Amino acid sequence: MSEHAFATRAIHAGQAPDPTTGAIIPPIYQSSTHVQDGIGGFRDGYEYNRAGNPTRSSLETQLAALEGGVSALSFASGLAAEDALLRGILKPGDHVLLGNDVYGGTYRLLTKVLAPWGIVTTTAELSDPDALRAAIRPETRIVWLETPSNPLLKVVDIALIVEIAHAAGVLVVVDNTFASPALQQPLALGADLVVHSTTKYLGGHSDVLGGAVVFGDDRFVEPVKFQQFAVGAVSAPLDAWLTTRGIKTLAVRMRQHSENAQAIAEWAAARPEFAEVYYPGLSSHPGHAVAARQMSGFGGMLSLGLAAGAEAARSFAESTSVFQLAESLGGVESLIGYPPEMTHASVRGTELAVPENVVRLSVGIEDVTDLIADLEEGLARLG
Ligand SMILES: *Cc1c(COP(=O)(O)O)cnc(C)c1O
């Protein structure tokens, strides 16, 4: 599939019709084990489904094709994928350098779950090359970044970070959940590995949890696959199938998410109620030029800082109706959240804390006129 363009790969990679019946959609192999033709005589390599399942394989092929990787592994959640990656690559004493605005759950996994096993984690402002160089230690094994970041949509230059990290012999992992591979391809920019919460844009319909690791080369496939098998946080067949189904419309969804978010950002930038509009598609955004270079669209996530402060932000998050108040992001339906008490409650009071006047929007693909009218009504309810 690699000679085809992105939208074609998203629909066809790993999706060959069922060879037995010709069913155009590969079936959901809802089975925990496979019959052997004599001891060790596996059909197509399948044995027991913690080790492998055909529906999961079809998703993994599709995921690798989306990111231009050599292979991919699919997990029960984004954090399960991150955990397998980290445990597959790190050993006690290793240091991980995180961007200072990464997903709170990633920070929690490293500092609460993996720290007692000897993994050392610090954070740095990765948009500052000198800060990055200064934060790399002899024990640093991984630089971990997100761009655009959550929830302040900060943009960092992936190719520049790769250059600095690789010069020091350090791996670069990009959490590409926010942009999705439809808009940004970190492996092509030199990153070593990509992780996803497929729960978000890849699944795209808020109906399934999942995660993935995509490998730029073969070095870490076996150790991470071993974690997947030995620990067992694998995708269930139905979950893998739903994710595959969502991915087929990723290219067209991301175009509409980006178009709607751009219109809302421009509307918000002209409203005095908002002191800040965090959206990389605005030319006033500090990361606009880098985003325009390394992304093919600016995505569907945007945050707004209420001029009237924290109480106004809290109330605004409870005042809309098409935008529904919920955690998560990346679905076709629009969501609003108050990060300090919702998605980012676990980092309140830490160096990753979010300003208290911020609401985060996951802009869906409804009609944008309805979305803007809904936000206007929400503002009116604030009085
Ligand atoms: C949601 C999210 C995760 C964690 O994924 P789960 O599927 O919830 O485990 C990781 N990174 C980012 C950027 C996310 O938004």
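# Exercises on packing, salt bridges and buried sites

The buried residues of helix α4 pack against α3 (78-89), β2 (95-99), β3 (120-124) and β4 (140-146). The model used throughout these exercises is predicted.

## Exercise 1. Helix α4

Task: State which residues of helix α4 (residues 104-114) are buried, and what they pack against.

Solution.
- Step 1. List the buried residues. They are G104, G105, T106, Y107, L109, L110 and L114.
- Step 2. Name the partners. One helix, α3, and the strands β2, β3 and β4 receive these residues.

## Exercise 2. Helix α11

Task: Find the buried residues of helix α11 (residues 310-317) and decide how they are placed around the axis.

Solution.
- Step 1. Pick out the buried residues: A312, A313, F316 and A317.
- Step 2. Take the arc. These residues cover only 135° around the axis, so they sit on the same side of α11.
- Step 3. Recall the helix geometry. An α-helix has 3.6 residues a turn, so residues three or four places apart point the same way.
- Step 4. Identify what the buried residues pack against. The strands are β8 (274-278), β9 (301-306), β10 (324-325), β11 (335-337) and β12 (358-362). Helix α12 is also a partner.

## Exercise 3. The α9 and α12 pair

Task: Describe the packing of helix α9 (residues 250-269) on helix α12 (residues 368-382).

Solution.
- Step 1. Choose the descriptors. Two packed helices are described by the angle between their axes and the distance between the axes.
- Step 2. Read the values. The angle between α9 and α12 is about 35°, and their axes are 10 Å apart.
- Step 3. Assign the hand. The crossing of α9 past α12 is right-handed.
- Step 4. List the contact residues. Helix α9 contributes N260, A263, I264 and W267. Helix α12 contributes V368, L371, I372, L375, E376 and L379.
- Step 5. Sort them by character. Eight are nonpolar, one is polar and one is charged.

## Exercise 4. Salt bridges

Task: Count the salt bridges in the whole structure, then examine the pairs D192 with R219, E273 with R271, and E356 with R348.

Solution.
- Step 1. Take the total. The whole structure holds 16 salt bridges.
- Step 2. Start with D192 and R219. Their side chains meet at 2.9 Å, N to O. D192 is in the loop between β5 (171-175) and β6 (193-197). R219 is in the loop between β7 (211-215) and α7 (221-231). The pair links distant parts of the chain, 27 residues apart.
- Step 3. Check the burial of this pair. Buried means under 20% relative accessible area. D192, at 8%, is therefore buried. R219, at 45%, is partly exposed.
- Step 4. Turn to E273 and R271. The closest N and O atoms of this salt bridge are 2.9 Å apart. E273 is partly exposed at 28% relative accessibility. R271 is partly exposed at 23%.
- Step 5. Treat E356 and R348. Here the closest N and O atoms are 2.6 Å apart. E356 has 34% relative accessibility and counts as partly exposed. R348 has 40% and counts as partly exposed.
- Step 6. Extend the last pair. Salt bridges with shared partners join R314, E341, R348 and E356 into one network.

## Exercise 5. Three single residues

Task: Locate L361, H344 and K200, decide whether each is buried or exposed, and list contacts beyond four places in sequence.

Solution.
- Step 1. Place L361. This residue lies in strand β12. L361 is buried, with a relative accessible area of 0%.
- Step 2. List its contacts. L361 is in contact with I264, G300, M301, L302, L304, F323, L335, I336 and L375, leaving aside neighbours within four places in sequence. Among them, I264 and L375 also take part in the contact of α9 with α12.
- Step 3. Add a distance. L361 and P280 are 81 residues apart along the chain, and their C-alpha atoms are separated by 14 Å.
- Step 4. Place H344. This residue is in the loop between β11 and β12. H344 is buried at 2% relative accessible area. H344 touches N150, P151, P339 and V354, not counting residues up to four places away.
- Step 5. Place K200. This residue is in the loop between β6 and β7. K200 is buried, with a relative accessible area of 10%. K200 touches T177, S328, L329 and G330, again not counting residues up to four places away.
- Step 6. Finish with a second distance. K200 and G52 lie 148 residues apart in sequence and 24 Å apart in space, C-alpha to C-alpha.

Technical notes: Residues numbered from 1 in each chain as written. Predicted model: local features only at pLDDT ≥ 70, side-chain atom pairs only at ≥ 80, totals over all residues. Heavy atoms only, no water. Axes fitted to C-alpha atoms, helices over the stretch in contact; angles between N-to-C directions. Helix = DSSP H or I, 4+ residues; strand = E, 2+ residues; numbered from the N terminus. Left-handed = near helix turned anticlockwise from the far one by under 90°. Contact = heavy atoms within 4.5 Å. Nonpolar A, V, L, I, M, F, W, Y, C, P; charged D, E, K, R; others polar. Salt bridge = Lys/Arg side-chain N within 4 Å of Asp/Glu carboxyl O. Buried < 20%, exposed > 50% of the residue type's maximum accessible area, 1.4 Å probe, protein only. Arc of directions from axis to C-beta.
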